[in-house]
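Student: I keep running into labels such as "buried" and "salt bridge", and I'd like to know what earns a residue its label. Can we go through some of them together?

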Amino acid sequence: MIFDKVEEKDVTRAITEGFLKDFSSYAENDVVIVGGGPSGLTAAKELASQGIKTLIIERNNYLGGGFWIGGYLMNKITVRAPGQEVLDEIGVPYEKFTEGLYVCDGPHACSKLIAAACDAGAKILNMTKVDDVVLREENRVAGVVINWTPISALPREITCVDPISVQAKVVIDGTGHDAEVVAALERRGLIKTKGFGAMWVEKSEDAVVEHTGECHPGLVVMGMAASTLYGLPRMGPTFGAMLLSGKKAAEAAMEILEREG
Ligand code: 48H
């Protein structure tokens, strides 16, 4: 025999006990990041590396969002300076294409960014979709309402499954174009989204980073979700702003944690 003796019941218990132990801990977090795309992963890496208890909630079984494929089903990622500094930090090789524009392989960049977030200590809850927010006094965001992703994909008549929720001192919306956490506030008349604007690479990336921050008490918005909230131009398949927006969102979350104790 090559392998140690292990029975089926051991495999089952290892999975269920390990998952439930983690899940019980996820019920209460410093920061919950909704969406594990490039902005979400970068923010998670920054926060977790400071010892902040950080949970990423991702509706897909895989992380990375739009970062695997750059654009047009071609898996090259472009990054405008100074975004390549984040690639340096996580050890992704890239080439200079032209002054201020770098190109690298999507799968390499994405897998390194996922590993960096996990290595820093961020936890991941995947196949889980955020459907709503938890609100407290003065409508402060205090957590998110979640359900298994497959629940939303099944016919309503066989899925009357109530969601549960996890608490967080700060929630970050990194859900990309749909800005889903912001949308949950909009459904209650608490915020108004403008919808992202037409493409204008030159303007868009600075604008995303500038608009990253607390958009409602307890909620930080970043990445394409910020473009959607504030009606900023889109940038197409170039990712420097997503990486730097993730960093700025982490700073904003840390300021809130410090301010509110
Ligand atoms: C849990 C959810 C939910 C939900 C969505 O789209 P992303 O890659 O987002 P960003 O903002 O980090 O990066 C955007 C970039 O990839 C991009 O598309 C660009 C730059 N486009 C420019 C242009 O012109 O179009 O990732 C968002 C993640 C995904 O993994 C989703 O599955 C996840 O969020 N997500 N997770 N609950 N309700 N909604």
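Student: Why is Glu180 called partly exposed?

Tutor: Keep in mind that this is a predicted model. Glu180 has a relative accessible area of 23%. Buried means under 20% and exposed means over 50%. The value for Glu180 falls in between, so partly exposed is the right label.

Student: What makes Glu180 and Arg59 a salt bridge?

Tutor: Their closest N and O atoms are 3.5 Å apart. The cut-off is 4 Å between a side-chain nitrogen of Lys or Arg and a carboxyl oxygen of Asp or Glu, so this pair passes.

Student: Where do the two partners sit in the chain?

Tutor: Glu180 is in helix α6, and Arg59 is in the loop between β2 and β3, so the bridge ties together parts that are 121 residues apart in sequence. As for cover, Arg59 has 38% relative accessibility, so it counts as partly exposed.

Student: How do you know that Asp105 and Lys76 form a salt bridge?

Tutor: Try the cut-off again: the closest N and O atoms of Asp105 and Lys76 are 2.4 Å apart, and the limit is 4 Å. Asp105 belongs to strand β5 and Lys76 to strand β3, so this pair links parts that are 29 residues apart in sequence. Asp105 comes out at 36% relative accessible area, which makes it partly exposed. Lys76, at 46%, is partly exposed too.

Student: How many salt bridges are there by this rule?

Tutor: The count comes to 21. There's also a network of salt bridges that links Lys5, Glu7, Lys9 and Asp10.

Student: Are Lys45 and Glu46 buried or exposed?

Tutor: Both are buried. Lys45 has a relative accessibility of 13% and Glu46 has 18%, and buried means under 20%. They also form a salt bridge with each other, with the closest N and O atoms 2.9 Å apart.

Student: What makes you say helix α2 is largely enclosed by the rest of the structure?

Tutor: The helix covers residues 38–48, and eleven of its eleven residues are buried, so it earns that description. The buried residues include Pro38, Gly40, Leu41, Lys45 and Glu46.

Student: Why does helix α8 get that description?

Tutor: In α8, seven of the eight residues are buried, so it is largely enclosed by the rest of the structure. Among them are Gly223, Met224, Ser227 and Leu229. Just after the helix, Gly231 takes a positive phi of about 70°.

Student: Which residue other than glycine has a positive phi near 55°?

Tutor: That's Tyr72, found in the loop between β2 and β3. Its relative accessibility is 76%, and exposed means over 50%, so Tyr72 counts as exposed. Ala179 has a positive phi as well, of about 40°, although it is not a glycine. Ala179 sits in the loop between β9 and α6, and at 1% relative accessible area it is buried.

Student: Why is Thr128 called buried?

Tutor: Its relative accessible area is 4%, and the limit is 20%, so Thr128 is buried. This residue lies in strand β7. Beyond its sequence neighbours up to four places away, Thr128 touches several residues, including Ile57, Arg59, Ile146 and Trp148. A polar atom of its side chain lies 3.0 Å from the backbone oxygen of Asn126.

Student: How do you know that strands β11 and β12 pair?

Tutor: Pairing takes at least two bridges, and these strands have three, in the antiparallel sense. One example is His216, whose bridge partner in β12 is Leu219. The strands form a hairpin with two residues between them, and Gly218 in the turn has a positive phi of about 85°.

Student: Which residues make the nonpolar surface patch of about 290 Å²?

Tutor: Val6, Val11 and Ile15 make it. Take Ile15, which is found in helix α1. Its relative accessible area is 57%. A patch residue needs over 30%, so Ile15 clears that bar, and since exposed means over 50%, it is exposed as well.

Definitions and conventions:
Residues numbered from 1 in each chain as written. Predicted model: local features only at pLDDT ≥ 70, side-chain atom pairs only at ≥ 80, totals over all residues. Heavy atoms only, no water. Patch = residues over 30% accessible without salt bridge, like charges linked within 9 Å, V, L, I, M, F, W, Y side chains within 5 Å. Areas by Shrake-Rupley, 256 points an atom, 1.4 Å probe, with all protein chains shown as cover. Helix = DSSP H or I, 4+ residues; strand = E, 2+ residues; numbered from the N terminus. Buried < 20%, exposed > 50% of the residue type's maximum accessible area, 1.4 Å probe, protein only. Polar contact = N/O pair within 3.5 Å; in protein donor to acceptor, adjacent residues only side chain to side chain. Contact = heavy atoms within 4.5 Å.
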